[in-house]
Amino acid sequence: MPDAQTRQALNLAVQDLRTRAILLSRDLHANPELALREHRSTGVLQDWLRAEGFTVTPGVAGLPTAFVAEWGAGRPRIAYLVEYDALPGLGHGCGHNLIAAGGVTAASALRRVLGAGTSGTVMVIGTPGEEGAGGKVTELAAGVFDEVDAALMFHPADRTILTRRMLACAHLTIRFHGVAAHAAKNPEAGRNALAAMIQFFVAVDGLRQHVGPDARLHGVITNGGAAANVVPDLTEADFYVRHRTLDEARALADRVRACAEGAALATGTSAELVDAAPAYAHLNSNETLARRFGGYLTELGVAAVPPSPNDPTGSTDAGNVSLVLPTIHPFVQVAPTGTPSHSTALAQAAVSDQAHDAMLCAAEALSTLGADLIAEPALLAAAWAEFEQRG
């Protein structure tokens, strides 16, 4: 662990950045941008990091709003992951403004304290499109994480949980192709793509009883036809299939595909299912690093509650990263217990004093953990040993 002098220096660095970090969070919150369209947000974050002495490479992995920022040289290479996309209609109802502002604050504080000549590299990886587009998965495939030794981030929530489970997720676009016709004059000449879509949703509802308590099936019709007097020849839906592991999610997606094919057969239409985004893996939290992070949070007055297998949960593309290298994705309380995520209530809480205090505590704990990983080879070795043991 860092000595008392380093701990104090990290605390002072975070406090020195406090006002700027809160202003950054508020700015991102006031200017929400959807997945893979975060052009303003990524520019603001990159400007911050350049001003703090990082070398920034924009547009990595072929994603215009992705970036990698680096300071230092050599190993270990410690990456802070930042997300900054918002939700349609809700803005930052998932609190990504806090992830982004807290992440760059953690990296900047660590950079300030380490000083020139340190052996090790501090990285910030800008990961766009977490809300359904899978920016991290694309970055993984492009090699962005190939030389990373540990990946660190936090996520806002209504409770502090260090190793919360997250479900794997397959994200599908479902289309039915029919034949258009006048709905009153000659409906017999048509083949109703909307009827097929409705039958599909009914079939999925019949499937729910038989998928187990850990599975989640949900979607919306994004195109149900254009006019009531025209038999729809094309309908579309956006659909999520979630389960405990990636293999289970993919197997369940095959059953959902069968529901679509059955609906098409029943209505004389054809079904088309395509991946709307890369599949998200389940989260493999590194407990060695999460415990160290949690200890620092406790010292800052933030107490964690034990994880529960019965906790309702969602998915994250950080899961894919966690299957490749030691990763933490702890949840930190920024709102009253019971505040639902992806909600107006969470969006409002994401710019509260409570949220910003929690963000800065998370930033200090993350920066201290980063200092540990650079100064303590044994800690990084233990994290990798756990990772390899868990497969």
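A salt bridge is a side-chain nitrogen of Lys or Arg within 4 Å of a carboxyl oxygen of Asp or Glu. The structure treated in these exercises is a predicted model.

**Exercise 1. Salt bridges in a network and within helices**

Identify the residues that salt bridges link into a network, and examine the pairs E287 with R291 and E386 with R390.

Solution.

Step 1. The search of the whole structure yields 24 salt bridges. Five residues, D16, R20, E52, R111 and R112, are linked by such bridges in a network.

Step 2. For E287 and R291, the closest N and O atoms are 3.9 Å apart. This value satisfies the cut-off of 4 Å. Both residues belong to helix 7 (residues 287-299), where they are 4 residues apart, about one turn of the helix.

Step 3. Accessibility is then assigned to each partner. E287, at 36% relative accessibility, counts as partly exposed, while R291 is exposed at 53%.

Step 4. In helix 11 (residues 377-390), E386 and R390 are likewise separated by about one helical turn, being 4 residues apart. Their side chains meet in a salt bridge of 3.1 Å, N to O. E386 is buried, with a relative accessible area of 13%, whereas R390 is partly exposed at 43%.

**Exercise 2. A salt bridge between two helices**

Determine which parts of the chain the salt bridge between R292 and D372 ties together, and decide whether its partners are buried or exposed.

Solution.

Step 1. The closest N and O atoms of R292 and D372 are 2.9 Å apart.

Step 2. R292 lies in helix 7 and D372 in helix 10, so the pair ties together parts that are 80 residues apart in sequence.

Step 3. Buried means under 20% relative accessible area. R292 has 18% relative accessibility and therefore counts as buried. D372, with a relative accessible area of 1%, is buried as well.

**Exercise 3. Aromatic pairs**

State how the rings of F67 and Y84 are arranged, and do the same for F201 and F239.

Solution.

Step 1. The structure holds 6 aromatic pairs. In one of them, F67 and Y84 lie 6.1 Å apart from centre to centre, with 20° between the planes. Planes under 30 degrees apart count as stacked, and the pair of F67 and Y84 is accordingly stacked.

Step 2. This pair links distant parts of the chain, 17 residues apart: F67 is in strand 2 (residues 67-82), and Y84 is in the loop between strand 2 and helix 3 (96-114). F67 is buried, with a relative accessible area of 0%, and Y84 is also buried at 0%.

Step 3. F201 and F239 form an edge-to-face pair, 5.7 Å centre to centre and 75° between the planes. Because F201 lies in helix 5 (residues 193-208) and F239 in strand 8 (residues 234-243), the pair ties together parts that are 38 residues apart in sequence. Both F201 and F239 are buried.

Step 4. Ring pairs further link F176, F200, F201 and F239 into a cluster.

**Exercise 4. Charges over rings**

Name the rings over which R20 and R164 are placed.

Solution.

Step 1. R20 lies over the face of W48, at 4.0 Å from the ring centre. R20 is also one of the residues in the salt-bridge network of Exercise 1.

Step 2. The charged end of R164 sits over the ring of F331, 4.9 Å from its centre.

**Exercise 5. The surroundings of H171**

Describe where H171 lies and which side chain is joined to H171 by a polar contact.

Solution.

Step 1. H171 is located in strand 6 (residues 168-177) and is buried, with a relative accessible area of 9%.

Step 2. A polar contact of 2.6 Å joins its side chain to that of D238.

Step 3. Residues up to four places away in sequence being set aside, H171 touches G132, D238, F239, Y240, V274, D275, A276 and A277. F239 is the edge-to-face partner of F201 from Exercise 3.

**Exercise 6. The nonpolar cores**

Which residues have the most contacts inside the largest nonpolar core, and how many residues does this core have?

Solution.

Step 1. The largest nonpolar core has 63 residues, and those with the most contacts inside it are L49, F67, L152, L289, F293 and L373. Helix 10 (residues 353-375) supplies the largest share, 13 residues.

Step 2. With neighbours within four places in sequence left aside, the contacts of L152 include I78, L81, L289, I328, L366 and L373.

Step 3. A second, separate core of 25 residues includes F200, L207, V241 and A260.

Terms used:
Residues numbered from 1 in each chain as written. Predicted model: local features only at pLDDT ≥ 70, side-chain atom pairs only at ≥ 80, totals over all residues. Heavy atoms only, no water. Phe/Tyr/Trp six-rings, centres within 6.5 Å; stacked < 30°, edge-to-face > 60°. Buried < 20%, exposed > 50% of the residue type's maximum accessible area, 1.4 Å probe, protein only. Lys NZ or Arg CZ within 6 Å of the ring centre and 35° of its normal. Polar contact = N/O pair within 3.5 Å; in protein donor to acceptor, adjacent residues only side chain to side chain. Contact = heavy atoms within 4.5 Å. Core = buried A, V, L, I, M, F, W, Y, C linked by side-chain atoms within 4.5 Å.
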